[in-house]
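Biologist: I'd like to learn how to read a model like this one, feature by feature. Could you take me through it, giving the general idea and then the case in hand?

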Amino acid sequence: MNIDNYLETIKFCRFCFMCRHLSAIGNVTFTEADTPRVRASMIYGATIHPELFANEDLIKTMYRSDLSGCCRRNCVNHYDEVGLTLAYRADLVEAGKAPEYIKTIATALMNSPEWSVSGKGKVAYVADNYSVESGAAAAFGKLAKEFRTVSGGSCGKGLWVLGFRKEAKLLAEKFLKALEGVETVVVSHTGIFDFLVNTIGEMGLKLDAKVMHTSEYLAGVKTARPLGDLYYLESDYLRNYNSDYPYPRALLTSNGANLKPFGTNDEESYSCAEGALLLDKIEPELVEKLAKYIEARADNPAKDVIVTASPYTRIQLGRFTSLKVKTIEELLAEAL
Ligand code: SF4
């Protein structure tokens with residue numbers, strides 16, 4: 001089973017409560033179950049009593065994890081509580097025990113439209129649905145020249161996160177085919193960035209191109225005026241899954257941004273469960289709670305300019321709060 005690769009994590013997390021304050025879902029549900037300790041305890045119980053493996057409460061808890069990676073990043077031993085959750089989901093799917101509400105989301109992903117490619121050049125920009133809806137893709141078009149656009153499909157990351165690993169690999173192969181012949185792939189979507197940098201390797205696939213988040217690719221952009229006071233919300237995928245990827249902050253400060261600290265600490269996730277990728281489809285009411293939690297931590301919600309590297313986060317905060325949130329691409333394009 002996939003969870004057998006995480007026996008150390010199960011052993012240590014189940015007696016540890018050190019990172020409970022970084023469990024984004026636990027912070028809005030106030031339930032102990034939504035922490036790495038209790039998730040590990042429940043999975044440990046299922047290893048002793050296999051009949052509990054597909055227990056309804058366990059399944060629901062494992063599919064509502066925020067997967068932010070904050071607990072793993074700030075754990076003194078970096079125990080991979082994210083990997084354990086994903087492994088459990090994959091085992092559940094392989095056992096044919098995935099619940100109907102998850103299968104419905106997975107089926108929609110499997111039936112995603114094919115990717116289409118337009119334009120020319122050795123640089124490909126991935127215009128996925130979240131990047132288009134958030135405005136990041138249109139803003140990128142004002143900031144960059146000479147790129148081909150790859151749009152429309154599903155890369156496979158969503159299915160991977162839900163535990164449908166075989167099906168995820170099939171989608172990934174189609175996505176990589178759409179990227180053939182390019183030297184650089186640029187993405188706004190932080191989950192797709194992580195997918196191309198890390199997940200395809202776990203699938204046994206390879207991409208012969210440099211992968212960049214837009215904040216790295218746009219490093220040479222100079223705005224006409226300094227960006228001034230801003231609150232930058234860290235991305236789960238860029239910070240917690242990719243070694244504190246430095247480019248978003250670097251790009252903003254090189255354009256005169258004065259980055260002010262947001263919230264009560266610099267360890268927590270303020271992303272509306274970006275790492276979970278699909279929580280807006282699994283339990284949208286939890287995403288709303290997460291958004292309200294973030295709104296309550298803004299210094300001056302009516303005036304603060306808040307910027308994110310994640311189109312997903314931009315969409316959720318725009319949907320559920322009155323905060324003035326922009327993607328990095330939008331902010332730069334407006335200040336040219
Ligand atoms: S991830 Fe680390 S800090 Fe969190 S429960 Fe596990 S051992 Fe404790």
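Biologist: Which residue in β9 is the bridge partner of V307?

Modeller: Helices (H or I, at least four residues) and strands (E, at least two) are DSSP runs, numbered from the N terminus. Two strands count as paired if DSSP finds at least two bridges between them. Here, V307 has K326 as its bridge partner in β9. Strand β8 (residues 305-308) and strand β9 (residues 324-327) run parallel, with four bridges. Before we go on, this is a predicted model, where local features need pLDDT of at least 70, side-chain atom pairs count only at pLDDT 80 or more, and totals for chains, interfaces and linings use all residues. Residues are numbered from 1 along each chain as its sequence is written.

Biologist: What is the hand of the crossover from β8 to β9?

Modeller: Look with the strands pointing away from you: a crossover is right-handed if the path from the first strand over the helix to the second runs clockwise. From β8 the chain goes through helix α18 (residues 311-320) to β9, and this β-α-β crossover is right-handed. There's another right-handed β-α-β unit, made of β4, helix α12 (residues 190-202) and β5.

Biologist: How do β4 and β5 pair?

Modeller: Strand β4 (residues 184-187) pairs with β5 in the parallel sense, over four bridges. To find the register, take T184, whose bridge partner in β5 is K210.

Biologist: And how many residues of β2 are buried?

Modeller: Burial is a neighbour count: a residue is buried if 20 or more other C-beta atoms lie within 10 Å of its own, exposed if 12 or fewer, and partly exposed in between, with C-beta atoms placed from the backbone. In strand β2 (residues 123-127), five of the five residues are buried. V123, Y125 and A127 cover one side, A124 and V126 the other. β2 pairs in parallel with β4 over four bridges, where A124 has V185 as its partner. Four bridges also join β2 to strand β3 (residues 148-151), again in parallel, and there A127 is partnered by S151.

Biologist: Which side chains of β5 point to the buried face?

Modeller: Those of V211 and H213 in strand β5 (residues 210-213); K210 and M212 point to the other face and are not buried.

Biologist: What does I328 touch?

Modeller: Contact means that the C-beta atoms of two residues, placed from the backbone, lie within 7 Å. Leaving out residues up to four places away in sequence, I328 touches T214, S215, P248, L251, L252, V307 and A309. I328 sits in helix α19 (residues 328-334), and it counts as buried because it has 30 C-beta neighbours inside 10 Å.

Biologist: Let's do backbone angles. Where is L67, and is it buried or exposed?

Modeller: L67 is in the loop between α4 and α5. It's buried, because 26 C-beta neighbours lie inside 10 Å. Its phi is positive, about 50°, although L67 is not a glycine. S243 also has a positive phi, near 50°, and is not a glycine either. That residue is in the loop between α14 (236-240) and α15 (247-254), and S243 is exposed because it has 9 other C-beta atoms within 10 Å.

Biologist: Which residues are around the ligand?

Modeller: Here a residue is near a molecule if its C-beta atom, placed from the backbone, lies within 6 Å of it. The shell holds F12, C13, C16, M18, C19, P36, R37, C71, R72, C75, Y79 and E81. Two or more of them come from each of α1 (7-13), α3 (36-48) and α5 (70-74). For classes, Ala, Val, Leu, Ile, Met, Phe, Trp, Tyr, Cys and Pro count as nonpolar, Asp, Glu, Lys and Arg as charged, and the others, Gly among them, as polar. The shell has nine nonpolar, no polar and three charged residues.

Biologist: Last one: how far apart do the C-alpha centres of domain 1 and domain 3 lie?

Modeller: They lie 25 Å apart. The bounds, from an automatic or database domain assignment, are domain 1 (2-98), domain 2 (110-217) and domain 3 (228-334). The contact between domain 1 and domain 3 takes 16 residues from domain 1 and 17 from domain 3. On the domain 1 side, α2 (24-29) and α5 each supply at least two residues.
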